[in-house]
Amino acid sequence: MPKKYSLIELEQLANSIRKDIITMLEHAGSGHSAGPLGLADIFTALYFDILRYDPKKPNWNERDIILLSNGHCIPVQYATMAEAGFFDKKELLTLRKFGARLQGHPERLRLPGLENTSGPLGSGLSQGIGMALGLRLSKMPHRYVYVVLGDGELDEGNVWEAAMLAPKYKLNNLIAIIDRNNIQIDGPTESVLPLENLKDKWEAFGWHVIEIDGNNIEAFIDAAAMAKAIVEKPVMIIAHTIPGKGVDFMEYDFHWHGKAPNHDEAVKALNELRTLGGKIRSEHE
Amino acid sequence: MSDLFLNDYAKEDVEKVPIRKGFGEGLKKAGEISEEVVALCADLTESTQMHLFKEAFPDRFFEVGVAEQNLVTVGSGLAAMGKIPFVSSYAAFSPGRNWEQIRTTIALNDRPVKIVGSHAGLYTGADGATHQMLEDIALMRVMPNMVVVIPGDSIEAQKATLALAKDSRPAYLRLAREATPVLTTEITPFEIGKAYLMREGGALSIISTGTMTYKALMAARQLANDGIEVDVLHVPTIKPLDAVAIIKTASKTGVVITIEEAQINGGLGGAVSELLAEHKPTHVFRMGMNDHFGESGTPEELFEQFGLSIKHIVLKAHAVLSELKKQ
């Protein structure tokens with residue numbers, strides 16, 4: 001179990017995770033930048049405040065479950081897991097390399113601590129439903145299943161099959177999170193395949209919906225606590241995030257969805273993160 | 001072969017039972033043996049014979065609606081929590097529609113979900129080409145980690161279901177709709193990965209799977225009347241394939257006919273050809289669906305139309321033997 005961190009400590013951890021994301025992506029030479037940066041605050045809150053787990057015993061029988069359904073955002077989970085002590089940070093530099101445990105898209109069998117294999121979109125919520133049902137059958141309803149979905153991923157029909165099923169079984173041990181960053185590979189979500197009104201849609205399907213600023217760690221922690229208080233329905237947290245959050249030239253730009261920074265871009269990005277967006281004096285100036 | 005304890009399948013009034021019924025009974029038994037066994041269905045509970053399990057264990061049965069992608073992925077999640085999920089639909093939809101979900105969340109993810117595809121093959125009859133799944137053997141046997149089982153009758157289906165419930169691998173179980181002759185008995189052996197020599201002769205080898213083994217055996221009896229004794233090797237597990245048994249019969253007779261109610265490309269015919277080409281080059285003649293779809297009709301009309309009746313097997317064996325004599 002992680003110790004309790006202050007909000008300032010959590011924000012510093014998120015910043016450290018962002019720097020690791022930039023470094024590992026630059027080293028890998030390919031991968032997704034915008035989504036992982038946008039999700040850094042949520043993953044920090046999950047691993048350093050919300051989830052029950054033991055990095056030394058990844059199969060601990062009392063752990064909570066975290067599923068990353070949009071597997072392409074895996075750099076944020078790898079970086080957070082390293083920060084949380086699942087493995088040495090040095091291993092982050094093996095991302096996407098031959099023989100690495102840190103595959104380009106997550107493979108459960110290769111890295112202890114991963115709960116699923118994902119990349120092809122749309123299947124994580126269903127797997128979360130199966131896990132929540134399984135925990136209920138095994139009389140362990142106190143263990144929670146968290147599923148992180150991308151917003152572009154909601155184009156997949158499989159997601160809406162899951163959306164219909166979870167309320168049927170009143171899965172109150174299932175907490176889903178949509179990373180609502182408004183971008184996907186081909187452009188803004190609302191021009192590729194309009195998703196709005198997203199809140200109304202999930203409510204119409206029978207979910208309790210909480211809408212928050214997904215880059216506000218405190219707001220996310222409060223939302224997760226609120227979710228546990230909802231007993232008759234599964235909960236969907238629509239987390240509005242800024243794609244590329246923390247790196248000025250990546251923010252809001254869909255071109256950074258599926259691209260890694262080159263060396264110069266990485267230096268620029270790290271400098272910005274190191275100075276917290278220019279609030280601290282850079283050693284390079 | 002007396003040590004296989006076969007039923008008297010050749011008698012006129014041979015008992016006929018749908019293979020899927022054997023599955024339903026086996027699943028209920030598996031549920032009694034282990035409380036980790038759970039079942040999921042996509043709006044075809046009685047049709048896939050899961051109602052027996054549902055009635056016995058209502059808390060361990062989950063109806064997901066007509067949503068086959070969800071069917072297998074929810075199954076994957078249940079398996080992740082230590083359950084042994086059997087997930088059923090018609091084969092045309094599962095694994096027909098949800099193949100990628102099976103690949104990623106079950107096979108690559110190595111979760112022991114048992115995918116049960118009912119109404120596979122021509123025995124689906126009147127429903128027509130959309131529902132007669134013929135490509136499932138090829139689809140599932142190319143998938144790493146996946147076991148593929150096709151029982152020959154209802155009794156074998158029950159044994160296969162119980163064996164799969166104890167097996168830790170992902171698996172596909174292919175079932176037929178209509179009542180088909182009961183070939184085996186309670187004491188006939190069944191093991192995942194084993195093929196069974198059901199009749200011995202030396203002229204040629206007939207290698208069959210599923211419902212076609214009955215037809216192969218009946219054809220072998222007619223051929224015996226013509227003075228031709230053949231091997232009939234029943235292959236209820238397509239993957240892992242029993243290479244030893246197949247190479248043994250091919251080595252003995254030197255010529256093989258494969259029979260299946262499925263596409264021969266990538267099906268049993270494909271699997272046997274690949275094995276023998278590499279390890280024991282043998283002339284293989286493949287009987288089955290050759291790159292076309294089925295249509296509505298009674299099963300017997302369809303087997304007649306597509307050259308898969310007992311008579312067709314007899315004629316094929318004669319043709320193969322006379323062709324080889326000419327060479």
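What is the volume of the largest pocket? In this predicted model, the answer is about 420 Å³.

**View 1. Inside the largest pocket.** Here we zoom in on the pocket of about 420 Å³. It has 16 lining residues, and A:E11, A:N15, A:R18, A:L276 and A:K279 sit closest to its centre. As for chemistry, the lining is a mix: six residues are charged, five are polar and five are nonpolar.

**View 2. The helices behind the pocket wall.** Two elements of chain A, α1 (7-28) and α9 (263-274), each give two or more residues to the lining of the largest pocket. The largest share comes from α1(A), which puts in six residues.

**View 3. α1(A) from end to end.** This helix has 22 residues, so at 1.5 Å a residue it should span 32 Å. Its end C-alpha atoms are 31 Å apart, which agrees with that expectation. Right after α1(A) comes A:G29, with a positive phi near 85°.

**View 4. Where chain A meets chain B.** On the chain A side, 26 residues take part in the contact, and chain B brings 27. Together the two chains bury about 2100 Å², with carbon and sulfur atoms giving 59% of that area. Looking for the big contributors on chain A? Try A:T117, A:L137 and A:E161: this trio supplies 25% of the area that chain A buries against chain B, more than any other three residues.

**View 5. Salt bridges across the interface.** How many salt bridges link chain A and chain B? The count is zero.

Technical notes:
Residues are numbered from 1 along each chain as its sequence is written. Chains are lettered from A and ligands numbered from 1 in the order in which they are written. This is a predicted model: local features need pLDDT of at least 70, side-chain atom pairs count only at pLDDT 80 or more; totals for chains, interfaces and linings use all residues. Side-chain values use heavy atoms; hydrogens and water are left out. On a 1 Å grid over the protein atoms alone, a cavity is a set of points where a 1.4 Å probe fits but cannot get out, and a pocket is an open set with protein on both sides within 12 Å along at least five of seven lines; lining residues have an atom within 4 Å of a point. Grid points are joined across faces, edges and corners, and a volume is the space filled by probe spheres set on the points. Helices (H or I, at least four residues) and strands (E, at least two) are DSSP runs, numbered from the N terminus. Ala, Val, Leu, Ile, Met, Phe, Trp, Tyr, Cys and Pro count as nonpolar, Asp, Glu, Lys and Arg as charged, and the others, Gly among them, as polar. The expected span of a helix is 1.5 Å times one less than its number of residues. Contact means heavy atoms within 4.5 Å. Buried area is the accessible area (1.4 Å probe) that two parts lose on being put together, summed over both. A salt bridge is a side-chain nitrogen of Lys or Arg within 4 Å of a carboxyl oxygen of Asp or Glu.
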